[in-house]
Every structure is written in C-alpha cells, then in structure tokens.
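Opening my notebook on this one. I want to keep a short record of what I looked up and what came back.

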Amino acid sequence: IQPAAPDASVQGLLVLPSARLLPLSAGDRITGYGRTGDFILPATVQGNLTVSAYNHYALLDQGQAFLLQEPGDYTLQAISDGLYLLVQLRGDLVPRLLGNRLSKSGSLFHGGAAAIREAAMSLAVLEDEQGQIPGDAASALAYSLLLKLRALPERVRVDAGSPLVEAAVAI
C-alpha cells in the first residue's frame, strides 16, 4: 500500500509512505533499507518474527511491534506461519510524540501490533474504495497510530496467576 504524498504543509511533519500486510510462512525473510529520517515499524498480528538491524536482534511475540529509527539494512524473518505488518513513517512528529520511548537500537511496543493493524487495514480499505489513497488521510492515520503507541505501557505486568496465587507469592 503506497499512499500519495501529502500536502507540502504536512510533508515534513508526518508521512506514511508505505504499509505492507505480510502473510509469511516459517523461515520466510523480508529485507529492506531504512534511509535517514525513516521509521520502520514491523509488527506481529499472528506468529513470531525476528527483527535484525544495526547488529541488534529482537524476537517479537504475537501482538508486539518494534520501531527501527536508524538508517541501514534490516531483516525480518518469520519464526512461524503468521500474519505480519510493516509500516514506514517519516517526519518530525514521530520523535516528538514517542520521544522518551525511542532507542537507537530499536523500541519495543507490547500490544503495538493492534494499532498498526488498525492503520494498515484502514489504508487497505481506502485503497480498495478509492484507488490511490490521499496522502493527508494516510498522515491522519499515522498520527492516530503514534498516539496509540504513545499510550501503551512501557512495561508489561506479568500476572503470576489468579489473585489467590498472587497473594501467596506476595507473602
């Protein structure tokens, strides 16, 4: 999915140049290159995915997303059959809205795949209905996506089990 370029007044703020829905089989690989100013967001809707970039490696579980912000090559490899997403963003609003969550080696978003899936599916519907997606509509979806990622907790609380088990562990 490749929307049209947004209006010049929006272009430096936030652009969503591409979104991909990736049904992959175990072992399938996708490679790409992020240019300076690109923010690459792979996500797992179903299955597990490895992300390799900048001499770092991350294993994404179902529902997770990972933000790459440094220029360079990246590789995504499916560990299991599943549905994966890949969204590319550009613009000054990405670091402004996600500032404290960004890391040079990549940023993990637990539960981020749902927000990315919502944006990607909305783009797919617009593409089916209108052909070329207006750039301003894609930028609006990208803004909504960033706000949802920003609202996600930085750490995920892991429940030990039922309230009875948690109380016993606390003692």
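My entries below go through strands, a cavity, salt bridges and a surface patch.

**Entry 1: what I'm working with**
I'm noting up front that this is a predicted model. Everything I write down here is computed from that prediction.

**Entry 2: strand β7 and its neighbours**
I started with β7, residues 72-78. Which strands does β7 pair with? I found β2, residues 29-34, running antiparallel to β7 with six bridges between them. I also found β4, residues 49-53, again antiparallel to β7, with five bridges.

I then looked up one residue pair for each pairing. On the β2 side, R29 has Q77 of β7 as its bridge partner. For the other pairing, I have S52 standing opposite T75 in β7.

**Entry 3: the cavity**
How many cavities of 30 Å³ or more does the structure hold? My search gave one. I have the volume of the largest cavity down as about 40 Å³.

I listed the lining next: G34, D38, I40, A53, Y54, L68, Q69, E70, G72, D73 and Y74. Two elements give two or more residues to this lining, namely β3 (38-46) and β7. Which of the elements gives the most? That is β7, with three residues. So β7, which I had down for its bridges to β2, turns up in my cavity notes too.

**Entry 4: D38 and its two arginines**
I ran the salt-bridge search over the whole structure and got four. D38, already on my list of lining residues, was where I looked next.

D38 forms a salt bridge with R90, and I have 2.6 Å between the closest N and O atoms. Why does this pair catch my eye? D38 sits in strand β3 and R90 in strand β8, so the salt bridge ties together parts that are 52 residues apart in sequence.

D38 also has a salt bridge with R35, where the closest N and O atoms are 4.0 Å apart. Put together, R35, D38 and R90 are linked in a network of salt bridges.

Is D38 buried or exposed? I get 2% relative accessibility, and because the cut-off for buried is under 20%, D38 counts as buried. The arginines came out otherwise: R35 is partly exposed at 46%, and R90 is partly exposed at 25%.

**Entry 5: a helix-to-helix pair**
I moved on to E118 and K148, whose side chains meet in a salt bridge at 2.7 Å, N to O. E118 belongs to helix α3 (residues 112-130) and K148 to helix α4 (residues 135-151), so this pair ties together parts that are 30 residues apart in sequence.

I checked accessibility here as well. E118 is partly exposed, with a relative accessible area of 43%. K148 counts as partly exposed at 30%.

**Entry 6: a nonpolar patch**
Last, I went to the surface. Which residues form a nonpolar patch there? I have Y57, L59 and I79, with about 340 Å² of accessible area together.

I picked I79 for a follow-up. I79 is found in the loop between β7 and β8 (82-90). Its relative accessible area is 45%, so I've filed I79 as partly exposed.

Notes
Residues are numbered from 1 along each chain as its sequence is written. This is a predicted model: local features need pLDDT of at least 70, side-chain atom pairs count only at pLDDT 80 or more; totals for chains, interfaces and linings use all residues. Side-chain values use heavy atoms; hydrogens and water are left out. Two strands pair if DSSP finds at least two bridges between them. Helices (H or I, at least four residues) and strands (E, at least two) are DSSP runs, numbered from the N terminus. Patches are made of residues with over 30% relative accessible area and no salt bridge: like charges are joined within 9 Å, nonpolar side chains (Val, Leu, Ile, Met, Phe, Trp, Tyr) within 5 Å. Accessible areas come from the Shrake-Rupley method with a 1.4 Å probe; for residues, only the protein chains shown count as cover. Buried means under 20% relative accessible area, exposed over 50%, partly exposed in between (1.4 Å probe, protein chains only). On a 1 Å grid over the protein atoms alone, a cavity is a set of points where a 1.4 Å probe fits but cannot get out, and a pocket is an open set with protein on both sides within 12 Å along at least five of seven lines; lining residues have an atom within 4 Å of a point. Grid points are joined across faces, edges and corners, and a volume is the space filled by probe spheres set on the points.
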